[in-house]
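Student: Could you take me through one part of this structure closely, and then show me how it sits in the rest? I would like one connected answer.

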Amino acid sequence: MNVALPNSTLTGRLELLEIFEFYDGPKLFGCRNGVDQQFLGYWAGANDVGDIYWLVPTSRERYKMIRSGGVDLFTAISRPELGFLYRCVVSFANESTEAEAVPANHLPQELLPDPGEAISLPTETLPDRFAALDLPRKAIAARREIVGLHFNFPGMREEAPTKQIGNLLFSLQDMLDALGQNRNGTATMRGKIPPEILTRTETRLAYAAGASFAVEILAAQSVNLFDESLITEAVAEFVEILGIGNDVERLRAKLFGIKARAVSKYRAFLSALLAAESPLTLDWSSPNPQRNKQVKLDLAAAAGALKTAEEVTSELGETKTGIGYFVGVVLPRRTFTAIFEGEDDTLAGRISDAAMPAATHVTLNRGYRITIRETLETSASGEERAKYELEKIEEIE
Amino acid sequence: MPFSSLPAGCPPEDAIPCVGPIYRLVDSAPPTEADFVSYFDEYPGKDWGEDDCQARGLSVYLTYGDAERIRRRIGRFRGKKIAVATLQPAVGLIKKTGNDHHTWWPEDGVTIPPLFSEAGTQ
């Protein structure tokens with residue numbers, strides 16, 4: 001809008017950036033001068049001569065903080081970075097402006113905005129745009145798989161909550177490790193994944209850019225002559241799973257194929273995404289551009305997929321039968337603690353309906369043939385723990 | 001002609017008939033003519049260019065909350081009252097000219113202050 005700006009010899013000629021509040025004229029706005037000095041403009045009333053504006057010199061970072069609500073208007077005006085602002089009177093008659101520098105501690109308090117009152121506009125706060133990184137070209141140049149993860153965290157600034165982004169990246173790496181182990185043909189439910197697999201599925205966080213918040217995840221190792229690697233296969237599988245969304249039948253079939261550990265890691269990833277309240281867009285850029293793909297997962301689909309994954313987990317458990325000894329049985333609570341012969345770790349959990357009759361007669365520290373089912377449980381925070389259920393107790397003949 | 005005092009093409013074609021309620025900040029209750037001075041009238045010598053039409057309208061809000069927000073944001077408005085006009089039938093034309101900001105062009109000859117009364121807290 002064509003407005004009467006407080007151009008003066010102190011500030012230089014001003015260019016309007018944006019108007020935050022207009023009411024019979026601009027009342028709160030952003031502007032800059034010829035040397036790119038930015039100002040927050042604030043209407044402080046009018047006198048017989050003209051409109052009175054306060055121009056607060058702001059750094060780019062402060063301007064973004066004000067615009068996104070990180071610094072409220074009261075603070076922006078009463079605590080300027082330079083300790084002063086310009087008081088300008090724009091003549092009604094000819095728009096000529098008289099300006100003077102005023103120390104912030106001399107401002108009439110009654111003219112300041114209410115404390116806490118803030119502008120709240122989505123604001124680009126990261127220095128680079130994600131699209132400018134040109135990951136498809138970079139993947140070919142670096143001969144590595146690259147995954148771009150775009151999040152949309154609550155808030156107006158391009159910032160990620162440290163804990164949430166940490167959980168997301170941690171569970172993503174875990175998922176790729178589990179999928180890699182699976183593709184390697186050596187899937188296990190628990191225990192350490194061999195280092196020779198982890199080395200091949202390792203990824204690195206390479207960059208963060210605005211979109212609204214995006215990270216570039218780069219495979220640690222390059223692909224082979226055929227543009228393939230274990231991480232290629234793991235990423236392909238992860239992209240496929242995300243792309244299924246919550247198509248329940250397809251997702252169930254896929255999850256049964258990737259085995260319990262990977263399902264558990266996918267649950268952790270989905271839990272982290274839901275905790276972060278962020279939808280996800282994944283851009284896969286590969287040294288083989290034919291693989292490049294984008295998949296999206298909104299929060300509703302993530303919640304549905306998590307439910308499906310939880311159901312699959314309960315069906316995917318491993319059952320072990322062997323000679324075992326009961327260390328404790330608490331019938332009213334239907335819990336047990338037992339140890340398999342030759343093993344060091346005790347297992348504790350719930351007694352199933354089928355095993356309850358026999359459990360009422362067990363003798364501690366005596367051997368039985370017992371069957372225990374193990375499933376992996378993932379908490380909302382992504383923490384994983386084994387869950388055991390006693391399915392069968394038989395006397396040893 | 002209801003807008004003969006305005007230049008050709010003003011109000012704009014996409015402005016619609018203004019039926020209330022509309023809210024405006026005023027100094028006194030009941031409001032006076034001084035509460036309805038446009039940006040255009042404040043700067044009589046200014047070349048408004050393509051914004052000439054909007055400058056001739058009056059700023060209004062469609063909700064009490066929006067009027068209250070600018071009162072919190074601009075210290076000089078803190079002492080102002082929020083007045084409401086419940087226009088039925090329509091008086092003039094209105095257009096959305098910002099996130100919550102609307103510009104109202106009353107018809108020629110309308111006496112504006114009696115249309116408004118102080119709004120209660122909502």
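Tutor: Happy to; here is a close look at one helix pair, followed by the chains around it.

A word on ground rules: this is a predicted model, so local features need pLDDT of at least 70 and side-chain atom pairs count only at pLDDT 80 or more, while totals for chains, interfaces and linings use all residues. Residues are numbered from 1 along each chain as its sequence is written, chains are lettered from A and ligands numbered from 1 in the order in which they are written, and side-chain values use heavy atoms, with hydrogens and water left out.

Let us start with helix α6 of chain A, residues 230–244. Helices (H or I, at least four residues) and strands (E, at least two) are DSSP runs, numbered from the N terminus. The expected span of a helix is 1.5 Å times one less than its number of residues. For the 15 residues of α6(A) that gives 21 Å, and the end C-alpha atoms are 21 Å apart, which agrees. Just after α6(A) comes A:G245, with a positive phi of about 60°.

How covered is this helix? Buried means under 20% relative accessible area, exposed over 50%, and partly exposed in between (1.4 Å probe, protein chains only). By that count 11 of the 15 residues of α6(A) are buried, so the helix is mostly covered. The buried residues are A:L230, A:I231, A:T232, A:A234, A:V235, A:E237, A:F238, A:V239, A:I241, A:L242 and A:I244.

The partner to look at is helix α7 of chain A, residues 248–275. Two packed helices are described by the angle between their axes and the distance between the axes. Axes are lines fitted to C-alpha atoms, for helices over the stretch in contact, and angles run from 0 to 180 degrees between N-to-C directions. Here α6(A) and α7(A) pack at about 105°, with their axes 11 Å apart. That makes α6(A) roughly perpendicular to α7(A), on a scale where angles under 35 degrees count as roughly parallel, over 145 as roughly antiparallel, 65 to 115 as roughly perpendicular and the rest as oblique.

Contact means heavy atoms within 4.5 Å. On the α6(A) side, the contact is made by A:E237, A:F238, A:E240, A:I241, A:L242 and A:I244. On the α7(A) side, the residues are A:R250, A:L251, A:K254, A:I258, A:Y266 and A:F269. Together they divide into eight nonpolar, no polar and four charged. In this grouping Ala, Val, Leu, Ile, Met, Phe, Trp, Tyr, Cys and Pro count as nonpolar, Asp, Glu, Lys and Arg as charged, and the others, Gly among them, as polar.

Now step back to chain A as a whole, which has nine helices and 16 strands. The radius of gyration is taken over C-alpha atoms, and the globule rule is 2.2 Å times the number of residues to the power 0.38. Chain A has a radius of gyration of 31 Å, well over the 21 Å that the rule gives for 397 residues, so chain A is more spread out than a compact globule. Its C-alpha trace spans about 110 × 60 × 35 Å along the principal axes. Of its residues, 50% count as buried.

Elsewhere in chain A, helix α1 (residues 60–68) has A:R62, A:Y63, A:I66, A:R67 and A:S68 buried. Their cover includes β1, β2, β3, β4 and α2 of chain A. After α1(A) comes A:G69, whose phi is positive, near 90°. Helix α2 (residues 73–78) of chain A holds A:S78, which is buried at 15% relative accessible area. Leaving aside residues up to four places away in sequence, A:S78 touches A:A104, A:L107 and A:L112. By contrast, A:V35, in the loop between β2 and β3 of chain A, is exposed at 70%.

Chain B has three helices and seven strands, in the order β-β-α-α-β-α-β-β-β-β from the N terminus. Its radius of gyration is 14 Å, which agrees with a compact globule of 122 residues. Buried residues make up 49% of chain B.

Finally, helix α3 of chain B (residues 64–73) is mostly covered, with seven of its 10 residues buried. Those buried residues pack against β1, β3 and α2 of chain A, together with β2 and β4 of chain B.
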